[in-house]
Amino acid sequence: MTKLYKFDDFAVAAGYAVERFMERMQNLDAFKDKKDFVNGFLAAKKEHPNLVGDNEVIGYMILNILGGADTLAICTKATFYHLLKSPAAKARLVQELRDANLT
């Protein structure tokens with residue numbers, strides 16, 4: 001299960017990005033085959049050291065975090081809007097959730 005993070009403000013998101021960057025830099029071998037944005041950013045740093053440094057990589061990470069939060073908020077808002085506009089869809093979702101016996 002994916003762990004969710006809540007960022008109260010920009011400083012918290014930035015701190016999280018710095019922590020993940022430091023973790024990655026200290027364990028490069030453990031993440032070398034991982035296909036993720038951070039490895040892409042690190043490849044850009046290696047390929048273009050005069051343009052991309054540690055601060056840029058961290059900046060890219062922050063932008064991904066903040067952009068992801070924005071996208072999630074937009075999708076969540078749209079989902080609730082359309083569920084509330086369609087009582088049949090809402091009723092079906094409610095029934096499926098009840099049938100799932102979630103705690």
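**Helix packing and aromatic contacts**

Helix 4 and helix 5 pack with their axes 5 Å apart, at an angle of about 110°. The model is a predicted one, and the values below are computed from it. An angle from 65 to 115 degrees counts as roughly perpendicular, so helix 4 and helix 5 are roughly perpendicular to each other. On the helix 4 side, the residues involved are Leu83, Leu84 and Lys85, and they meet Pro87, Ala89, Lys90 and Leu93 in helix 5.

Helix 5 takes in residues 87-99, and Val94 has its place there. With 30% relative accessibility, Val94 comes out as partly exposed. Val94 and Arg24 are 70 residues apart in sequence, and C-alpha to C-alpha they are 41 Å apart in space. In the segment after helix 5 comes Asn101. Here the backbone does something worth a look: phi of Asn101 is near 55°, a positive value in a residue other than glycine. Asn101 is also exposed, its relative accessible area being 65%.

Helix 4 (residues 54-85) has another partner in helix 1 (residues 10-26), and the two axes come within 9 Å and cross at roughly 125°. That angle falls between the roughly perpendicular range, 65 to 115, and the roughly antiparallel one, over 145, so helix 1 and helix 4 are oblique to each other. The crossing of helix 1 past helix 4 is right-handed. Helix 1 brings Phe10, Ala13, Ala14, Tyr16, Ala17, Val18, Arg20 and Phe21 to this contact, while helix 4 brings Asp54, Val57, Ile58, Met61, Ile62, Ile65 and Leu66.

Helix 1 also passes helix 3, again in a right-handed crossing. Their axes come within 12 Å and cross at roughly 70°, so helix 1 and helix 3 are roughly perpendicular to each other. Phe21, Arg24 and Met25 of helix 1 make this contact with Val38, Asn39, Leu42 and Lys45 of helix 3. Phe21 thus turns up in the contact with helix 4 and in the contact with helix 3.

Asn39, one of the helix 3 residues in that contact, counts as buried at 17% relative accessibility. Leaving aside residues up to four places away in sequence, Asn39 touches Arg24, Phe31, Lys32 and Lys34. Two of these neighbours are also paired with each other: Arg24 lies over the face of Phe31, at 4.1 Å from the ring centre.

Now for the aromatic rings. A search of the whole structure finds two aromatic pairs. One of them joins Phe37 and Phe41, which are stacked, at 6.1 Å centre to centre with 25° between the planes. Planes under 30 degrees apart count as stacked, which is why this pair gets the label at 25°. Phe37 and Phe41 are four residues apart in helix 3 (residues 37-47), so about one helical turn separates them. How do the two partners fare for accessibility, buried or exposed? Phe37 is exposed, with a relative accessible area of 57%, whereas Phe41 counts as buried at 14% relative accessibility. Tyr60 joins in as well, and Phe37, Phe41 and Tyr60 form one aromatic cluster.

Technical notes:
Residues numbered from 1 in each chain as written. Predicted model: local features only at pLDDT ≥ 70, side-chain atom pairs only at ≥ 80, totals over all residues. Heavy atoms only, no water. Phe/Tyr/Trp six-rings, centres within 6.5 Å; stacked < 30°, edge-to-face > 60°. Helix = DSSP H or I, 4+ residues; strand = E, 2+ residues; numbered from the N terminus. Buried < 20%, exposed > 50% of the residue type's maximum accessible area, 1.4 Å probe, protein only. Lys NZ or Arg CZ within 6 Å of the ring centre and 35° of its normal. Axes fitted to C-alpha atoms, helices over the stretch in contact; angles between N-to-C directions. Parallel < 35°, antiparallel > 145°, perpendicular 65-115°, else oblique. Left-handed = near helix turned anticlockwise from the far one by under 90°. Contact = heavy atoms within 4.5 Å.
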